[in-house]
Amino acid sequence: MPPPGLSRLNTADDEAARSALHEVCASRAWGDRILAGRPYATTDALCAASDAAMAELTEGDLAEAVAGHPPIGRPKPGDPTSHREQSGMAGASAALKAELLELNLAYQDKFGHTFLICASGRTGEQMRDAARHRIDNTPEQEREIVRVELGKINRIRLTRIAEHAEGDAA
């Protein structure tokens with residue numbers, strides 16, 4: 001029997017499921033692929049479908065997905081998910097936050113979108129170091145790294161949805 005959250009996702013009407021999936025990933029193409037695959041027997045099956053959908057996203061689909069993410073160090077106000085995922089920045093010094101802001105801006109100038117990394121479990125220093133390293137990538141290299149990072153984020157978020165019983169804090 002699927003976990004409670006996965007059962008809800010499997011049986012939700014398309015509009016409610018699409019809304020929940022949009023909170024995971026802002027790409028409409030990704031969400032459509034996940035919706036089309038319902039029902040999922042296990043969380044692993046849902047995550048595998050997410051991985052397959054990520055692999056098929058076009059450059060435009062990836063851009064749409066990235067646009068749904070706030071910059072590192074500046075989580076969306078009132079959004080517990082982005083605050084939780086970026087908790088590694090919570091105790092960061094003002095100097096580290098300023099440096100990451102500068103790196104975010106330089107990255108955005110070069111690549112045309114926000115620096116994206118699966119921030120869960122990473123310290124502010126680790127995120128800064130990754131931004132420093134990745135800014136030297138080509139756009140093609142970076143697009144594939146972003147695809148992988150988005151896939152990690154989607155897996156974490158989908159697992160959280162699937163494993164939580166109704167009323168639990170997700």
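Which residues does Trp30 touch, not counting residues up to four places away in sequence? In this predicted model, Trp30 makes contact with Leu21, Val24, Cys25, Ser50, Ala53, Met54, Leu57, Asn154 and Leu158 when residues up to four places away in sequence are left aside. Trp30 also belongs to the largest nonpolar core, a set of 41 residues in which Trp30, Leu46, Ile72 and Leu150 have the most contacts. At least two residues of this core come from each of the helices H1 (4–11), H2 (14–24), H3, H4, H5, H7 (94–111), H8 (124–134) and H9.

Two of these contributing helices, H5 and H9, were examined as a pair. Helix H5, which spans residues 59–67, packs against helix H9, residues 139–163, at an angle of about 55 degrees, and the two axes lie 11 Å apart. An angle from 35 up to 65 degrees falls outside the parallel and perpendicular ranges, and H5 and H9 are therefore oblique to each other; their crossing is left-handed. On the H5 side the contact is formed by Glu59, Leu62, Ala65 and Val66, which meet Arg143, Val146, Arg147 and Leu150 of H9. The residues of this contact comprise five nonpolar and three charged ones, with no polar residue among them. Leu150 thus appears both in the contact with H5 and among the residues with the most contacts inside the largest nonpolar core.

A further local feature concerns the backbone at Pro39, where the peptide bond from Arg38 is cis, with omega near 0 degrees. Pro39 is placed in the loop that runs between helix H3 (28–36) and helix H4 (43–56), and both of these helices supply at least two residues to the core described above.

Technical notes:
Residues are numbered from 1 along each chain as its sequence is written. This is a predicted model: local features need pLDDT of at least 70, side-chain atom pairs count only at pLDDT 80 or more; totals for chains, interfaces and linings use all residues. Side-chain values use heavy atoms; hydrogens and water are left out. Axes are lines fitted to C-alpha atoms, for helices over the stretch in contact, and angles run from 0 to 180 degrees between N-to-C directions. Helices (H or I, at least four residues) and strands (E, at least two) are DSSP runs, numbered from the N terminus. Angles under 35 degrees count as roughly parallel, over 145 as roughly antiparallel, 65 to 115 as roughly perpendicular and the rest as oblique. A crossing is left-handed if the near helix is turned anticlockwise from the far one by less than a right angle, and right-handed if clockwise. Contact means heavy atoms within 4.5 Å. Ala, Val, Leu, Ile, Met, Phe, Trp, Tyr, Cys and Pro count as nonpolar, Asp, Glu, Lys and Arg as charged, and the others, Gly among them, as polar. A nonpolar core is a set of buried Ala, Val, Leu, Ile, Met, Phe, Trp, Tyr and Cys residues joined through side-chain atoms within 4.5 Å. Buried means under 20% relative accessible area, exposed over 50%, partly exposed in between (1.4 Å probe, protein chains only).
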